[in-house]
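Hi there,

Here is the structure I promised to hand over. Have a look at it first, and then read my notes below.

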Amino acid sequence: MFDAIAGRYDLLNHVLSAGIDRRWRKRAIRSLHLTGTERVLDLCTGTADLAMAAAQARPAAARVIGVDFAGAMLRVGHEKLQRERLGGRVALVRGDATRLPIADASVDAITIAFGIRNVDQVADACREMRRALRRGGRLAILEFAVPTTPGVSAVYRWYLHHLLPRIGRVVSRHDAAYGYLPASIAAFATPDEFVTILRQAGFTDIVPVRLTFGSVVLYTAQRAG
């Protein structure tokens with residue numbers, strides 16, 4: 001499914017979020033407090049938007065590694081890296097979030113944008129992230145959530161279940177992909193549940209921050225020292 005929509009994935013992200021997705025990514029990178037020396041792992045990198053944001057920040061990560069299981073997504077990411085002349089600072093690798101091709105304690109920070117809910121074994125992926133992070137390393141995860149404010153929640157659910165799939169089908173030309181999106185959001189852990197998963201995996205200082213009326217949560221944390 002992800003391979004099938006790779007060519008239109010970025011366009012859909014921008015259209016369906018009214019362009020706000022760029023701001024979400026910038027905020028996630030700011031939360032890492034980069035100094036210019038860090039090695040950053042962007043997990044579930046997709047077409048590498050967040051990996052590129054880390055490499056283009058001021059100050060920027062010294063090196064970024066993007067990992068994803070979808071080959072077509074990574075090919076689109078490679079093309080973007082070449083256009084932006086970031087191929088020397090960002091490497092894209094095909095891999096599994098629950099079996100990362102990364103050595104123990106080898107990265108300073110880990111990011112994920114809207115990918116953790118697509119991992120079959122979320123707790124295993126969180127333990128892998130802890131393994132790959134050095135002690136004190138920082139984590140920033142963006143993920144969709146259902147707003148809790150009554151009026152906002154009703155509007156959001158209508159958009160998610162009725163309008164979004166229709167727009168997604170028209171633009172992506174794929175029937176299943178944007179029916180999957182609302183189902184995956186509904187099935188994913190609540191913010192409180194995900195905080196518990198992160199804590200059990202060995203992360204501390206976990207802070208979930210709701211963005212854009214609560215439709216997105218930025219989770220920040222550190223690997224326990």
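Of the 225 residues in this protein, 54% count as buried. Please keep in mind that the model is predicted. The surface it exposes comes to about 10600 Å², and carbon and sulfur atoms supply 52% of that area.

What about the overall size? A compact globule with 225 residues would have a radius of gyration near 17 Å, and the protein has 17 Å, so the two agree. If you lay a box along the principal axes, the C-alpha atoms fill roughly 45 × 40 × 30 Å. Looking at contacts between residues with a separation of 6 or more, 75% come from residues 24 or more positions apart.

Now to the folded elements. The protein has 9 helices and 7 strands, and two places are good for practice.

Start with strand β2 (residues 63–68) and strand β3 (residues 90–94), which pair in the parallel sense over 5 bridges. One pair you can look up is Val64, whose bridge partner in β3 is Val90. Together with helix α5 (residues 71–83), β2 and β3 make a right-handed β-α-β unit.

Then go to strand β6 (residues 203–211) and strand β7 (residues 216–223). These two run antiparallel and are joined by 7 bridges. Here Arg210 has Val217 in β7 as its bridge partner. β6 and β7 form a hairpin with 4 residues between them, and in the turn Thr212 has a positive phi of about 50°. While you are looking at strands, remember that in a regular strand the side chains alternate between the two faces of the sheet.

Last come the aromatic rings. How many aromatic pairs does the structure hold? There are 7 of them. In one, the ring centres of Phe2 and Tyr180 are 6.3 Å apart and the planes stand at 85°; an angle over 60 degrees counts as edge-to-face, so that is what this pair is. Phe2 sits in helix α1 (residues 2–5) and Tyr180 in helix α8 (residues 177–187), so the pair ties together parts that are 178 residues apart in sequence. Phe69 joins Phe2 and Tyr180 in one aromatic cluster. Is Tyr180 buried, exposed or partly exposed? Its relative accessibility is 29%, so Tyr180 counts as partly exposed.

Enjoy exploring, and write back with any questions.

Best wishes

Terms used
Residues are numbered from 1 along each chain as its sequence is written. This is a predicted model: local features need pLDDT of at least 70, side-chain atom pairs count only at pLDDT 80 or more; totals for chains, interfaces and linings use all residues. Side-chain values use heavy atoms; hydrogens and water are left out. Two strands pair if DSSP finds at least two bridges between them. A crossover is right-handed if, with the strands pointing away from the viewer, the path from the first strand over the helix to the second runs clockwise. Rings of Phe, Tyr and Trp (its six-membered ring) pair if their centres lie within 6.5 Å; planes under 30 degrees apart count as stacked, over 60 as edge-to-face and the rest as tilted. Buried means under 20% relative accessible area, exposed over 50%, partly exposed in between (1.4 Å probe, protein chains only). The radius of gyration is taken over C-alpha atoms; the globule rule is 2.2 Å times the number of residues to the power 0.38. Contact means heavy atoms within 4.5 Å. Accessible areas come from the Shrake-Rupley method with a 1.4 Å probe; for residues, only the protein chains shown count as cover.
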